[in-house]
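Hi,

Here is the structure I promised to pass on. Have a look at it first, and then read my notes underneath.

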Amino acid sequence: MYNLLKGKKGIIFGALDEHSIAWKTAERVHEEGGVFVLTNAPAALRMGNIDALAQKTDSQVVAADATSVADLELLVDQSMEILGGKIDFVLHSIGMSVNVRKGNAYIDQNYDFTEKGWNVSAVSFHKVMQVLYKKDAMNQWGSIIALSYIAAQRVFPDYNDMADNKAFLESVARSFGYFFGKDKKVRVNTISQSPTPTKAGQGVKGFDAFISFSEKMAPLGNASALDCANYIVVMFSDLTQKVTLQNLYNDGGFSYTGVSQEVIETLTK
């Protein structure tokens with residue numbers, strides 16, 4: 001451990017169980033000396049085991065619906081009270097598609113479900129940042145990270161409307177990140193992670209094939225949830241103070257590999 005986050009305070013959205021990236025991030029932030037509040041929607045808190053994580057990391061849990069500005073305002077106020085001051089880092093690890101859950105194809109969406117998905121997955125990120133911005137809740141050189149996926153740039157048919165949600169998320173990060181950087185000296189980035197067997201990821205049709213394909217394509221193989229947590233720690237640290245408005249790939253090189261010999265051999269057998 002390097003004490004990269006000693007003295008830093010933050011909020012981590014989305015920890016559900018030990019497989020989630022937010023969970024691994026909370027563990028690593030704690031190991032690196034950071035303190036934080038854990039938060040998730042009330043329904044998600046009932047599904048997961050976040051109290052065990054809170055006990056392990058000496059943190060507190062504050063329930064908040066990330067689509068509710070009122071909930072977010074209370075969350076930020078309570079977090080600053082609990083942590084004793086302004087915030088240095090925020091992780092937005094939230095994503096959901098009702099169309100995916102219900103098995104609706106991309107070309108046959110229920111648009112009420114679509115709107116709910118982009119509200120939870122992308123608009124919530126704008127709401128989080130708007131509340132932080134208006135409350136002047138972030139310390140200078142703070143770091144805000146949201147989790148994305150390469151389907152925001154490339155077609156993965158079964159990723160469905162989550163691809164649109166991630167593209168929207170990345171645009172929000174760039175656009176709001178400009179103002180957060182210019183006015184508050186706060187950096188905003190997204191991390192595009194390898195397909196990872198989280199609860200949300202496993203709901204995507206053909207997810208096991210996604211993992212197998214990217215493992216064969218990526219020169220370094222897939223990045224695990226722990227690999228992503230380590231990257232997030234670096235992005236929260238003072239070592240990356242001038243990195244902002246970026247979509248950063250943490251995928252073993254998958255994003256820039258056209259084809260691999262393993263994939264060729266699999267297809268020509």
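Below is what I found, starting with the sheet and then moving to one of the helices.

Keep in mind that this is a predicted model. It has an open sheet of 7 strands, paired in parallel and running in the order E3-E2-E1-E4-E5-E6-E7. Strand E3 (60–61) and strand E7 (247–250) sit at the edges, each pairing on one side only. Further in, strand E5 (residues 138–148) pairs with strand E6 (residues 187–193) in the parallel sense, over 6 bridges. If you want one pair to click on, Ile-144 has Val-188 in E6 as its bridge partner.

Two helices pack on this part of the sheet. Helix H7 (residues 162–184) touches E4, E5, E6 and E7, and its direction makes about 175 degrees with that of E5. Helix H9 (residues 225–236) also touches E4, E5, E6 and E7, with its direction at about 165 degrees to that of E6.

Now to H4 (residues 69–83). This helix has 15 residues and reaches 21 Å from its first C-alpha to its last, close to the 21 Å expected. Which of its residues are buried? They are Leu-72, Leu-75, Val-76, Ser-79, Met-80 and Leu-83. Seen down the axis of H4, they fall within an arc of 125 degrees, so they line one face of the helix. Their cover includes strands E1 (9–13), E2 (35–39) and E4 (87–92), plus helix H6 (111–134). On the other side of H4, Leu-74 and Glu-81 are exposed. Just after the helix, Gly-84 takes a positive phi of about 80 degrees.

Cheers

Notes: Residues are numbered from 1 along each chain as its sequence is written. This is a predicted model: local features need pLDDT of at least 70, side-chain atom pairs count only at pLDDT 80 or more; totals for chains, interfaces and linings use all residues. Side-chain values use heavy atoms; hydrogens and water are left out. Helices (H or I, at least four residues) and strands (E, at least two) are DSSP runs, numbered from the N terminus. The expected span of a helix is 1.5 Å times one less than its number of residues. Buried means under 20% relative accessible area, exposed over 50%, partly exposed in between (1.4 Å probe, protein chains only). The arc is that of the directions from the helix axis to the C-beta atoms. Contact means heavy atoms within 4.5 Å. Two strands pair if DSSP finds at least two bridges between them. Axes are lines fitted to C-alpha atoms, for helices over the stretch in contact, and angles run from 0 to 180 degrees between N-to-C directions.
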